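Hi,

Here is the structure I promised to pass on. Have a look at it first, and my notes are underneath.

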Amino acid sequence: MKQIVANMAGTVINVLVNEGDEVQDGADVVMLESMKMEVPVAAEASGKVTAIKVNVGDFVNEGDVLIELEG
């Protein structure tokens with residue numbers, strides 16, 4: 001099980017994948033807003049999305065798990 005974590009604190013403004021989607025290493029999966037800037041969070045590994053741990057509007061801290069991948 002691989003995890004995609006927030007690289008900074010911010011508010012989730014968009015989730016770009018759905019459970020069951022295949023993502024490639026480097027693909028943007030979540031958009032955060034931090035300090036009035038939109039910050040993409042990219043997958044650091046390829047795999048299938050098994051769980052989305054955040055919703056639009058959620059505040060996350062650096063290191064929080066956003067998405068879990070399998071494969």
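Below is what I found, going from the overall fold to the sheet and then to the surface.

One thing up front: this is a predicted model, so please read everything here in that light.

The chain comes out with 0 helices and 8 strands. If you walk along the sequence, the pattern is simply β-β-β-β-β-β-β-β.

Now the sheet. An open sheet is formed by 4 strands, in the order E1-E8-E6-E3, and the pairing is antiparallel. Strand E1 (2-5) and strand E3 (22-23) sit at the edges with a single partner strand each, so one side of each has no neighbour in the sheet. As a general reminder, strands of a sheet pair through backbone hydrogen bonds, in either a parallel or an antiparallel sense.

If you want to check the pairing by eye, here are two places to look:

- E3 with E6: strand E6 covers residues 47-52, and E3 pairs with E6 in the antiparallel sense over 2 bridges. Look for Glu22, whose bridge partner in E6 is Lys48.
- E6 with E8: strand E8 covers residues 65-70, and 4 bridges join E6 to E8, again running antiparallel. Here Ala51 has Glu68 in E8 as its bridge partner.

What about the overall dimensions: what radius of gyration does the chain have? The value is 11 Å, and because a compact globule with 71 residues would be near 11 Å, the two agree. Along the principal axes, the C-alpha trace spans about 35 × 20 × 20 Å.

On packing, 34% of the 71 residues count as buried. I also looked at contacts between residues at least 6 apart in sequence: 56% of these join residues at least 24 apart.

Last, the surface and the charges. The chain exposes about 4100 Å², with carbon and sulfur atoms supplying 45% of that area. How many positive and negative side chains does the chain have? There are 4 positive and 13 negative ones, and the centres of the two sets lie 3 Å apart.

That's it from me. Shout if anything looks odd on your screen.

Cheers

Key: Residues numbered from 1 in each chain as written. Predicted model: local features only at pLDDT ≥ 70, side-chain atom pairs only at ≥ 80, totals over all residues. Heavy atoms only, no water. Pairing = 2+ DSSP bridges. Rg over C-alpha atoms; globule rule 2.2 N^0.38 Å. Buried < 20%, exposed > 50% of the residue type's maximum accessible area, 1.4 Å probe, protein only. Contact = heavy atoms within 4.5 Å. Areas by Shrake-Rupley, 256 points an atom, 1.4 Å probe, with all protein chains shown as cover. Lys, Arg positive; Asp, Glu negative; His and termini not counted. Charge placed at Lys NZ, Arg CZ, Asp CG, Glu CD.
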